[in-house]
Every structure is written in C-alpha cells, then in structure tokens.
Amino acid sequence: MSQVDSNSAAIPLLAEDIQGDDRWLSQHNRFVLDCKDKEPDVLFVGDSMVQLLQQYEVWRELFSPLHALNFGIGGDTTRHVLWRLQNGELENIKPKVIVLWIGTNNHENTAEEVAGGIEAIVKVSNTLQPQAKIIVMGLLPRGEKPNPLREKNACVNQVLRSWLPRLPGVQLLDVDSGFMHSDGTISRHDMFDFLHLTAAGYAKVCRPLHELIMQLLEETPEEKQVTLA
C-alpha cells in the first residue's frame with residue numbers, strides 16, 4: 001500500500017485559479033449547494049470524463065432516472081477530488097452508490113501513486129458515506145497510438161485490481177478492452193480527441209456501468225436505508 005504521507009497524489013489540494021475566473025471553486029460551491037437541495041441515489045465524482053458524460057443522451061437515458069448527481073470537473077486530479085470531498089461535497093446527502101472516475105490527469109505521479117490517491121479517495125468516501133457502495137472506474141487508454149501515458153494508465157488499473165479488494169464496499173469496473181484495435185490504435189469514433197469519449201465511446205462504458213449500478217441498488221436493503229437515515 002502507498003503511504004499517504006509520502007504520496008503527493010493522496011494529499012488534498014485546492015485547485016489553483018490559473019485562468020483568473022475562479023471557475024473551479026465556483027463549480028465546487030455549486031456542488032455543495034446541490035448536496036443541500038437534492039437527494040441523489042447515485043453520485044458521480046471525477047474529472048472531465050465524468051463532467052462531459054451529462055452532455056450526452058446516455059446520461060438522460062440511464063442515469064437521470066436514478067436521481068444521479070454529476071460532480072465532475074475537467075482537469076481534476078486525485079488531489080483535487082480529495083479536497084472537494086473533504087470540503088462539503090459529501091455532506092447532507094446519502095447516496096447508495098458512488099461512482100469514482102479519476103486519475104488520468106495525474107501526470108506528475110507514478111502509477112502506484114495514482115492508485116494510492118484513488119485509494120485515499122475511497123477511504124474518505126467510506127468514512128463520510130459508510131452506507132454507499134463505491135464503483136471505481138478503470139482508467140481508459142489515451143492517445144491514438146501506444147504511448148507512455150497509456151501504459152501508465154494500464155499499470156494504474158493493474159495496481160487497483162490488487163489493492164481494491166482489501167477495502168470494504170468497493171469494486172473496480174475495468175472497461176478499457178473495447179477501445180484498442182488489434183494494431184494498438186484508438187478510433188476517433190470512440191474518442192474524438194483520443195482522450196475524451198464520443199457518444200459511441202460513452203455507450204461502451206455506460207452500459208456495463210449501468211448494469212453494475214442497478215445490481216448494487218437492488219442489493220441495498222431498504223431497511224438499511226431507513227436505519228441509516
């Protein structure tokens with residue numbers, strides 16, 4: 001296991017306002033307000049992979065009916081998500097399922113450090129939302145052709161497969177196998193910029209994700225929810 005005190009990916013960080021418009025903190029504050037106004041059964045947390053999902057029909061078709069909230073911010077790393085969750089984004093709500101998709105932007109960290117940052121987020125989520133089941137989305141391949149970042153993401157997933165079973169109420173959903181062709185390339189029909197997903201790309205991810213969410217929701221006894229309320 002990575003030691004949190006020596007792993008920068010597991011240290012909460014307030015995002016720097018590089019552009020000067022304070023958008024990141026404004027988005028965070030909106031999420032905190034959503035926690036006071038809404039009662040989600042499913043909470044999505046992560047970077048642009050989560051944020052952009054709500055712009056597609058698959059979000060309205062599969063996840064809106066589940067009273068889902070989308071707390072995605074483009075460019076976020078594990079450090080930013082840790083800060084957000086420790087500063088109000090898990091207050092006043094009791095989701096039954098939390099979907100976490102983060103890590104591909106941790107460019108300064110090794111694969112083990114990224115996995116350690118994800119592990120730290122899972123532990124915070126378990127502490128603040130003990131009733132919630134957690135789905136960690138595996139990192140997708142990136143770049144049109146094989147490259148070091150793609151190799152690192154695959155290594156992160158490998159480490160997560162080893163580490164996550166030791167934590168309670170969490171499982172990894174690995175959906176990267178459907179994106180690489182036999183020659184190692186990725187199609188723009190799945191990822192329009194060879195990182196972010198198209199509607200077709202999200203369909204490949206969201207169908208198995210929806211099935212797993214429904215399975216977890218069905219496994220959650222209503223009596224337990226009443227007790228925790």
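F194 sits in the loop between β5 and α7. This placement comes from a predicted model, as does everything that follows. Phi of F194 comes out near 65°, which is a positive value in a residue other than glycine. Most residues other than glycine have a negative phi. As for exposure, F194 is partly exposed, with a relative accessibility of 23%; that value falls between the 20% under which a residue is called buried and the 50% over which it is called exposed.

A positive phi also turns up at N92, where the angle is near 70°, again in a residue other than glycine. N92 belongs to the loop between α4 and β3. N92 counts as exposed because its relative accessibility is 56%, and the cut-off for that label is over 50%.

Back in the loop between β5 (170-173) and α7 (199-219), D183 is another residue to look at. With a relative accessible area of 54%, D183 is exposed. The side chain of D183 makes a polar contact with the side chain of T185, at 2.7 Å. Along the chain, D183 and A132 are 51 residues apart, and their C-alpha atoms are separated by 40 Å.

Now for the interior. The largest nonpolar core has 38 residues, and the members that touch the most others are L43, L100, I118 and V136. Quite a list of elements feeds into this core with at least two residues each: the helices α1 (23-37), α4 (78-86), α5 (111-128) and α6 (148-163), along with the strands β1 (42-46), β2 (68-72), β3 (97-101) and β4 (133-137). Helix α5 gives the largest share, eight residues. Taking L43 as an example, and setting aside residues up to four places away in sequence, its contacts are L69, F71, E89, L90, I93, P95, V97, I98 and V99. There is also a second, separate core, made of 31 residues, with V58, V175, M191 and L209 among them.

Two residues that are not part of the nonpolar classes are worth a look for their burial. D47 is found in the loop between β1 and α2 (48-51). D47 counts as buried because its relative accessibility is 1%, against a limit of under 20%. Not counting residues up to four places away in sequence, D47 touches two runs of the chain: G72, I73, G74, G75 and D76 on the one hand, and W101, I102, G103, T104 and N105 on the other. For D47 and G103, the C-alpha atoms are 8.2 Å apart in space, with their positions 56 residues apart in sequence. The other residue, N157, lies in helix α6. N157 is likewise buried, at 1% relative accessibility. Leaving aside neighbours within four places in sequence, N157 is in contact with G138, L139, L172, D174 and D176.

Next comes empty space. Rolling a probe the size of a water molecule over the atoms shows where such space is left. Here the structure holds two cavities of 30 Å³ or more. The largest cavity takes in about 60 Å³. Its lining is made up of D47, M49, W101, T104, L139, L140, P141, M191 and L195. Sorted by class, this lining has seven nonpolar residues, one polar and one charged. Some of the names are familiar: D47 is the buried loop residue, and M191 is one of the residues of the second core.

The second largest cavity has a volume of about 40 Å³. Around the second largest cavity lie F44, V50, L53, V99, W101, M137, V205 and L209. Strand β3 and helix α7 are the elements that give two or more residues to this lining. By class, the lining has eight nonpolar residues, no polar ones and no charged ones.

Finally, there is the open space. The largest pocket has a volume of about 410 Å³. Its lining counts 19 residues, of which A15, E16, Q19, W24 and G74 are the closest to the centre. Helix α1 provides the largest share of the lining, four residues. By class, the pocket lining has seven nonpolar, six polar and six charged residues. G74, which is among the residues closest to the pocket centre, is also one of the contacts of D47.

Terms used
Residues numbered from 1 in each chain as written. Predicted model: local features only at pLDDT ≥ 70, side-chain atom pairs only at ≥ 80, totals over all residues. Heavy atoms only, no water. Core = buried A, V, L, I, M, F, W, Y, C linked by side-chain atoms within 4.5 Å. Buried < 20%, exposed > 50% of the residue type's maximum accessible area, 1.4 Å probe, protein only. Contact = heavy atoms within 4.5 Å. 1 Å grid on protein atoms, 1.4 Å probe; cavity = no way out; pocket = protein on both sides within 12 Å on 5 of 7 lines; lining within 4 Å. Points joined across faces, edges and corners; volume = space filled by probe spheres on them. Nonpolar A, V, L, I, M, F, W, Y, C, P; charged D, E, K, R; others polar. Polar contact = N/O pair within 3.5 Å; in protein donor to acceptor, adjacent residues only side chain to side chain.
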